[in-house]
Amino acid sequence: MRIHIVDAFTDRPFAGNPAGVLLLDDDGFPGDDWMQDVAMEVNHAETAFAHRLPPGGDADWALRWFTPVTEVAMCGHATLATAHVLRTTGAHQGPVRFATRSGVLVATPAEDGAITLDFPTAPLTPVAVPDGVAEALGAEPVAAFDTGANVGDLLVELADEKTVHGLAPDHKALAAYSARGVIATARADDPAGGYDYLSRCFFPNVGIDEDPATGSAHTALAPHWSARLGRADLTGLQASARTGLVRTGLRGERTLLTGRAVTVVEGELHTGPDA
């Protein structure tokens, strides 16, 4: 079967967040152990596995996501990468509905190549800043929020952009504070710079010390910053070494995530699930 490596939430190679994408036969998903082995071999933040569903249902393709160490309930950048592969290979044209562990997620391509994902908005619950988080991050949060089961992170707002850029966290220590990890964010110093807020995402509990560009995190960042800035449509910069841009549109219980993707590798996987 064909395997693709796609950089998501970027318009150029070697930026954004790389994801593996495998389009499977219509028979369904192979064994979990095989998919986990492939994800470990690909060794990117996520590898997506998708297969076509029979016509007439609520979704067009079934989709699952694996990090190198575990399956996850929701992943934005690998969904964007999968929609990009479906469009560029001709496997699916127009909007595509994915059946996932987080419900039906829709990806809609635009004529200019951008793709918009329709994801559930994360329910934000203010919480006290947990003891030890400041020491683990290397910075004192000004506020903290639980992001709910789908995202599974602790969202912390920091004082300013410089503080976010300067973080050098103790990843092992951060693992104690949420199911997946910690999202650190701040308002942009200069909105004329092309983004309204920035973030960095640390996910030690799923084997990712720092994720380069995280769609699912923006389902929590969007309601947080839309409430603070008074606008539904914003742009977030993920300030990792690779960087990524995510345009967010808050639509009540749904959040729109818009970005671009670039295929950088296309090859053949020689070891199938029955080998």
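**Exercise 1. Aromatic rings**

Determine which residues are linked into a cluster by ring pairs, and how many aromatic pairs the structure holds.

*Solution.* Step 1. Ring pairs join Trp34, Phe49 and Phe66 into a cluster. The model under study is a predicted one.

Step 2. The structure contains 3 aromatic pairs. One of the aromatic pairs consists of tyrosine 197 and tryptophan 225, whose ring centres are 6.1 Å apart and whose planes meet at 15°. Planes under 30 degrees apart count as stacked; the pair of tyrosine 197 and tryptophan 225 is therefore stacked.

Step 3. The next step is to place these two residues in the chain. Tyrosine 197 belongs to strand S13, whereas tryptophan 225 belongs to helix H7 (residues 215-229), so the pair ties together parts that are 28 residues apart in sequence.

Step 4. Burial is judged by the cut-off of under 20% relative accessible area. Tyrosine 197 has 0% relative accessibility and counts as buried. Tryptophan 225, with a relative accessible area of 2%, is buried.

**Exercise 2. Charges over rings**

State which arginine lies over the face of phenylalanine 29, and which has its charged end over the ring of phenylalanine 203.

*Solution.* Step 1. Over the face of phenylalanine 29 lies arginine 64, at 5.1 Å from the ring centre.

Step 2. For phenylalanine 203, the charged end above the ring is that of arginine 180, 3.9 Å from the centre.

**Exercise 3. The surroundings of strand S15**

Describe which strands are joined to S15 and in what direction they run, and explain whether S15 is enclosed or open.

*Solution.* Step 1. Strand S13 (residues 197-203) is joined to S15 by 3 bridges, and these two strands run parallel. Across this pairing, leucine 198 stands opposite leucine 237 in S15.

Step 2. Strand S16 (residues 244-251) is joined to S15 by 6 bridges, and here the strands run antiparallel. Leucine 237 has leucine 245 as its bridge partner in S16. Leucine 234, in turn, stands opposite threonine 248 in S16.

Step 3. Between S15 and S16 the hairpin has 5 residues, and in this hairpin threonine 243 takes a positive phi near 60°.

Step 4. Strand S15 covers residues 233-238, and 5 of its 6 residues are buried, so S15 is largely enclosed by the rest of the structure.

**Exercise 4. From S16 to S17**

Find how many bridges join S16 to S17, and which residue of S17 is the bridge partner of threonine 248.

*Solution.* Step 1. There are 5 bridges between S16 and strand S17 (residues 254-259), and the two strands run antiparallel.

Step 2. The bridge partner of threonine 248 in S17 is leucine 257.

Step 3. The hairpin of S16 and S17 has 2 residues between the strands, and glycine 252 takes a positive phi near 70° in this hairpin.

**Exercise 5. Two residues and their contacts**

Decide whether threonine 82 and proline 141 are buried or exposed, and list what each touches.

*Solution.* Step 1. Threonine 82 is located in helix H2 (residues 76-89). Its relative accessibility is 0%, and threonine 82 therefore counts as buried.

Step 2. Leaving aside residues up to four places away in sequence, threonine 82 touches Val21, Leu23, Ala48, Ala50, Leu63 and Phe98.

Step 3. Proline 141 is found in the loop between helix H3 (133-137) and strand S10 (143-146). With a relative accessible area of 7%, proline 141 is buried.

Step 4. With the exclusion of residues up to four places away in sequence, proline 141 touches Val129, Val133, Ala134, Val156, Glu157 and Leu158. The C-alpha atoms of proline 141 and alanine 186 are separated by 9.9 Å, while these residues are 45 residues apart along the chain.

**Exercise 6. The chain as a whole**

Establish how the radius of gyration of the chain relates to that of a compact globule, and what percentage of the residues count as buried.

*Solution.* Step 1. The chain holds 7 helices and 18 strands.

Step 2. For 275 residues, a compact globule would have a radius of gyration near 19 Å; the chain has 18 Å, which agrees. Along its principal axes, the C-alpha trace spans about 50 × 40 × 30 Å.

Step 3. Of the 275 residues, 55% count as buried. The chain exposes about 11,500 Å², of which carbon and sulfur atoms supply 50%.

Step 4. Among the contacts in the chain with a separation of 6 or more, 62% are between residues 24 or more positions apart.

Conventions:
Residues are numbered from 1 along each chain as its sequence is written. This is a predicted model: local features need pLDDT of at least 70, side-chain atom pairs count only at pLDDT 80 or more; totals for chains, interfaces and linings use all residues. Side-chain values use heavy atoms; hydrogens and water are left out. Buried means under 20% relative accessible area, exposed over 50%, partly exposed in between (1.4 Å probe, protein chains only). Helices (H or I, at least four residues) and strands (E, at least two) are DSSP runs, numbered from the N terminus. Two strands pair if DSSP finds at least two bridges between them. Rings of Phe, Tyr and Trp (its six-membered ring) pair if their centres lie within 6.5 Å; planes under 30 degrees apart count as stacked, over 60 as edge-to-face and the rest as tilted. A charge sits over a ring if NZ of Lys or CZ of Arg is within 6 Å of the ring centre and within 35 degrees of the ring normal. The radius of gyration is taken over C-alpha atoms; the globule rule is 2.2 Å times the number of residues to the power 0.38. Contact means heavy atoms within 4.5 Å. Accessible areas come from the Shrake-Rupley method with a 1.4 Å probe; for residues, only the protein chains shown count as cover.
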